[in-house]
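Here's an informal walk through one model, from a helix with its neighbours to some backbone oddities. Have the viewer open as you read.

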Amino acid sequence: MTADVVRQAFTWIESVAVPADGGPLWREAGEPFDDLYAGTAGVLLGCAEATAAASPAGGLPTGTAPPVTGSGSGAGPDSGTGSALDRVAAGARDRLVHLARHEPDAPTLPDDGMFGGWAGAAVALRAWGRVAADPVALDVAASVTARVAERLRDRPVDPGRCSDVISGDAGILLALLDAHDDTAPVVTQAAHLLADGLVGLAEEHPDGPHWRMRAGDERLMPGFSHGTAGVAYALAVAGVTLRRDDLLDTAVRAADGLLAMGHHPDGWALPLLVPPRPDRPAVNFGWCHGPTGTVRLFTLLDTVDPQPRWQRAVDGCLRALRDSGLPQRRYPGYWDNLARCCGTAGVGQLLLDRYRSTADPALLDWAHRLAGDVLARTVTTPTGVAWSNTEHTRTPAELPPEPGFMQGAAGIAGWLARLAAPTTAPVLPWL
């Protein structure tokens, strides 16, 4: 059943593609996007996940990657050959290749950020290139990454720049490190520069260093997407990849500070905001602000330097997720999201990662229970299936289905595909 739902999800994604130069793009809330969060790059990442899960031994044989068509006609439900997944992947890849070759004419990728700009486009192309043995995608990813690195090298110092994973330097650093083994020396130089800059942006608190999304922001958001957990993760990866103990030491101090900050009645979770706001929940549970994302830092540190406190932190994050009651909707506004960023699919992806590391069947059973809830909420359309998130303050509360990775069908379908092959390695270890 799950495999059929995945196929139908990509059929729906194909049906809502918008013809554009080089290939199709996708919309969220009616606006066109080519980025990793909502648009073409995220759709390609979902295709990479589904393709990797369908071929767990190592992706497709060399030579089976879809050709660059250069047609500019986009992809419709009747275009091309093969499955909808094949056609969506070919179209998304073609679109990103075209944009990379015409970079000044790409207003849908306005900056170099991971989830809104060129860094994410490079990550998606590289993920697809690795899974599908696609040399063109890999070459274009390397070219885009090198251009991002060159811009960073020449960037004037800006103490108000964004530091986070979503839009800022931590996310760009992860993209550069993803390319560390297969691209130009300028990328390594830029990675060192970005890492040093992030260390310089740290605020020293009694419990350790913390990062605001931007210097001067009123509140800390210490979770993975906009704050300390994500920045520390990027610095830990940099410490390992660049062989710099000083960066790893900074990440460890930040992780210890997060351990001191986190709390939950039985498990462990960070506060959503510091100081809190009365109109927002004290704790969230998704990848963006909750233990689903923060645990990535602790699992990485436990791999690099196994210590009892890191394993206790991992266990505490999982306990907090169990204690939360998700995916039960306990009250209006509680756990209204099915997607990768803020919802059930993101938790399910984490459980698959932990299952792959531990072979604990309880984690796989838990992931299947979450999938059962997501499948029960599938929206059937004339062109395939999708999913709707909920906004309890709106009427109707069910939001229109979206095709993208972080809030839509591409991310959910990628996770469901991997659920059918749970020992498949994640395409991106931090997402």
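A residue counts as buried when its relative accessible area is under 20%, worked out with a 1.4 Å probe on protein chains only. Keep in mind that this is a predicted model.

With that cut-off in hand, start at helix H14, which covers residues 409–419. Which residues of H14 are buried? They are Ala409, Ala410, Gly411, Ile412, Ala413, Gly414, Trp415, Leu416, Ala417, Arg418 and Leu419. That is 11 of the 11 residues in the helix, so H14 is largely enclosed by the rest of the structure. As for what does the enclosing, the buried residues of H14 pack against helix H1 (2–15), helix H2 (40–54), H12, H13 and strand E6 (384–387).

Several of those partners deserve a visit of their own. Take H12 and H13. Helix H12 spans residues 344–358 and helix H13 spans residues 361–376; their axes come within 8 Å and cross at roughly 160°. An angle over 145 degrees counts as roughly antiparallel, and H12 and H13 are therefore roughly antiparallel to each other. The crossing in which H12 passes H13 is left-handed. On the H12 side, the residues that meet H13 are Thr344, Val347, Gly348, Leu351, Leu352, Arg354, Tyr355 and Thr358. Facing them from H13 are Pro361, Leu363, Leu364, Trp366, Ala367, Leu370 and Val374. Sorted by class, the contact of H12 with H13 has 11 nonpolar residues, 3 polar and 1 charged.

H13 also holds histidine 368. At 41% relative accessibility, histidine 368 is classed as partly exposed. Its C-alpha sits 17 Å from the C-alpha of proline 426, a residue 58 places away along the chain.

Strand E6, another partner of H14, has a strand partner too. Strand E5 (residues 378–381) runs antiparallel to E6, and 4 bridges join the two. Threonine 378 stands opposite tryptophan 387 in E6. A hairpin connects E5 to E6 by way of 2 residues.

Then there's H1, home to threonine 11. Threonine 11 is partly exposed, at 32% relative accessibility. Once its neighbours within four places in sequence are left aside, threonine 11 touches Ala84 and Thr383. Valine 43 is 32 residues from threonine 11 in sequence, with 12 Å between their C-alpha atoms.

Now for a second helix pair. How do H5 and H7 cross? Helix H5 (residues 135–153) and helix H7 (residues 185–201) have axes that come within 9 Å and cross at roughly 45°. That makes H5 oblique to H7. The crossing of H5 and H7 is left-handed. The H5 residues taking part are Thr145, Ala146, Ala149, Glu150, Leu152 and Arg153, and they meet Val186, Val187, Gln189, Ala190, Leu193 and Leu194 in H7. By class, that contact of H5 with H7 comes to 8 nonpolar, 2 polar and 2 charged residues.

Last stop: the backbone. Most residues other than glycine have a negative phi, and most peptide bonds are trans. The table collects some sites that go the other way.

| Site | Feature | Value |
|---|---|---|
| Valine 274 to proline 275 | cis peptide bond | omega near -5° |
| Leucine 326 to proline 327 | cis peptide bond | omega near 10° |
| Alanine 133 | positive phi | about 50° |
| Tryptophan 335 | positive phi | near 50° |

Where do these sit? Proline 275 is in the loop between helix H9 (245–261) and helix H10 (291–304). Proline 327 lies in the loop between helix H11 (308–323) and H12. Tryptophan 335 is likewise found in the loop between H11 and H12. Alanine 133 belongs to the loop between helix H4 (118–132) and H5.

Is tryptophan 335 buried or exposed? At 8% relative accessibility, tryptophan 335 counts as buried. Alanine 133, with a relative accessible area of 22%, is partly exposed.

Key: Residues are numbered from 1 along each chain as its sequence is written. This is a predicted model: local features need pLDDT of at least 70, side-chain atom pairs count only at pLDDT 80 or more; totals for chains, interfaces and linings use all residues. Side-chain values use heavy atoms; hydrogens and water are left out. Axes are lines fitted to C-alpha atoms, for helices over the stretch in contact, and angles run from 0 to 180 degrees between N-to-C directions. Angles under 35 degrees count as roughly parallel, over 145 as roughly antiparallel, 65 to 115 as roughly perpendicular and the rest as oblique. A crossing is left-handed if the near helix is turned anticlockwise from the far one by less than a right angle, and right-handed if clockwise. Contact means heavy atoms within 4.5 Å. Ala, Val, Leu, Ile, Met, Phe, Trp, Tyr, Cys and Pro count as nonpolar, Asp, Glu, Lys and Arg as charged, and the others, Gly among them, as polar. Buried means under 20% relative accessible area, exposed over 50%, partly exposed in between (1.4 Å probe, protein chains only). Two strands pair if DSSP finds at least two bridges between them.
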